[in-house]
Amino acid sequence: YFMDKSYEVGFKKSLRPLLLSGIFWGLGCASKWTAVYAGGGLAVLYFTSRILEYRSYMKSVRSKKMSESARKDKSRNWFTNHFIKPSLACVIFFVIIPILIYTSSYLPIITLPGEHHNLEEVWRYQVNMYDYHAHLDADHDFASPAYSWPLIKKPLLEYRDMSLSYDRTSLMYVMGNPAVFWFGIICTFAAIWISISKKDKRAVPFLVAFAFQYLPWFRVSRCIFIYHFFTSVPFLILCIVYVLSFWREEFPQIVRRDFGSDDAGRITYLSSNIFIYGYLAITLAFFILLYPAISGMEVP
């Protein structure tokens, strides 16, 4: 929906991505409250898409020879069919459907026998969960602030087998792959720069998603851990893919154009391939190296 123009694909077809987004957002919220943050990102993407589409639509209208009244009619027609109507549909897709999905996730509880198991119990659960998180006053040896998560400063020890002999150990840490986390942060800023300089809006959805999944944690004052960063990691990986794709597919063309040399373009392409495959090898090497510490494998 963010990439396509709704007036080109048609009203009904343009609603499908919104419907699917609402369904999957509802499923995410029913699984864990951290998915709620994504709702803000979805709203930003939706209204941004409407602004960009309107500007594009009116630019095409102004390029055609027609009266001012006809242009105003075109503008009103777009506003009605491609803003008002889809916005009303979004009330169903992003309010009613997610509420139904979220409430349905409590069916195993509210259908139990007993007078207290009913829809009111769902509300009690929400109040209790909110009170717990809002008023939690606790500390933990492995707690870590949000800014430190991409740096992997404090992995969370989740399991240790205490029954082993003194010369054996079995640990399970929650942490990230340094090749993904550290390089991913660099690529996030690079993706922002590439997207702005190229006016390429393909990167906007996952950059917005990353921001809304990660940045809200900076305002959380309760005890938090590195695993809260994991919902942001898929978008971090997309930033890496976006930057590496630009470097291999488009940067050689820029070099070829600016230097007027096919050889320079080929060298840039080959060097980018060497870097990409080398990076993937390093990522795999880190995974193998850290596997005993994240899997609970028994080792010396």
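This passage goes through helix packing, a nonpolar surface patch, salt bridges, unusual backbone angles and a pair of long-range separations in a predicted model.

Helix packing comes up in two places. Helix α2, covering residues 11–31, packs against α4 at an angle of about 25°, and the two axes sit 8 Å apart. Angles under 35 degrees count as roughly parallel, so α2 and α4 are roughly parallel to each other. Their crossing is right-handed. The other pair is made up of helix α10 (residues 251–259) and helix α11 (residues 262–295), which pack at an angle of about 160° with their axes 8 Å apart. Here the cut-off at the other end of the scale applies, since angles over 145 degrees count as roughly antiparallel; α10 and α11 are therefore roughly antiparallel to each other. The crossing of α10 and α11 is right-handed.

Helix α4 is also where Val91 is found, within residues 68–104. Val91 belongs to a nonpolar surface patch of about 510 Å², together with Ile92, Val95, Ile96, Ile99 and Leu100. What is the exposure of Val91? Its relative accessible area is 43%, which makes Val91 partly exposed.

Now for the charged side chains. Side chains of opposite charge can pair when their charged atoms come close. Across the whole structure, eight salt bridges turn up. One of them joins Glu298 to Arg168, with 3.4 Å between the closest N and O atoms. Why does this pair tie together parts that are 130 residues apart in sequence? Glu298 lies in strand β3 (residues 298–299), while Arg168 is in the loop between β1 (156–160) and β2 (169–174), so the bridge links those two parts. Both ends of the pair have some access to the surface: Glu298 is partly exposed at a relative accessible area of 43%, and Arg168 is partly exposed at 32%.

A salt bridge also forms between the side chains of Arg248 and Glu249, at 3.2 Å from N to O. Arg248 is partly exposed, with 27% relative accessibility, and Glu249 is likewise partly exposed, at 38%. Elsewhere, salt bridges with shared partners join Lys198, Asp200, Arg202 and Glu250 into one network. Within that group, the side chains of Asp200 and Lys198 meet in a salt bridge of 3.9 Å, N to O. Is Asp200 buried or exposed? Asp200 is buried, because its relative accessible area of 11% falls under the 20% cut-off. Its partner Lys198 has a relative accessible area of 30% and is partly exposed.

The backbone has a couple of oddities too. Most residues other than glycine have a negative phi. Ile152, although not a glycine, has a positive phi of about 55°. Ile152 lies in the loop between α6 (119–134) and β1, and with a relative accessible area of 11% this residue is buried. Lys199 also has a positive phi of about 55° without being a glycine. Where does Lys199 lie? Lys199 is in the loop between α7 (178–198) and α8 (204–214). Its relative accessible area is 77%, over the 50% cut-off, so Lys199 counts as exposed. Put side by side, then, one positive-phi residue is buried, namely Ile152, whereas Lys199 is exposed.

Finally, a couple of aromatic pairs give a feel for distances across the model. Phe11 lies in helix α2 and counts as partly exposed, at 30% relative accessibility. Phe11 and Tyr242 are 231 residues apart along the chain, and their C-alpha atoms are separated by 30 Å. Tyr125, in turn, is found in helix α6 and is partly exposed at 31% relative accessibility. How many residues lie between Tyr125 and Tyr291 in terms of separation along the chain? Tyr125 and Tyr291 are 166 residues apart along the chain, with 37 Å between their C-alpha atoms.

Note on methods. Residues numbered from 1 in each chain as written. Predicted model: local features only at pLDDT ≥ 70, side-chain atom pairs only at ≥ 80, totals over all residues. Heavy atoms only, no water. Patch = residues over 30% accessible without salt bridge, like charges linked within 9 Å, V, L, I, M, F, W, Y side chains within 5 Å. Areas by Shrake-Rupley, 256 points an atom, 1.4 Å probe, with all protein chains shown as cover. Salt bridge = Lys/Arg side-chain N within 4 Å of Asp/Glu carboxyl O. Helix = DSSP H or I, 4+ residues; strand = E, 2+ residues; numbered from the N terminus. Buried < 20%, exposed > 50% of the residue type's maximum accessible area, 1.4 Å probe, protein only. Axes fitted to C-alpha atoms, helices over the stretch in contact; angles between N-to-C directions. Parallel < 35°, antiparallel > 145°, perpendicular 65-115°, else oblique. Left-handed = near helix turned anticlockwise from the far one by under 90°.
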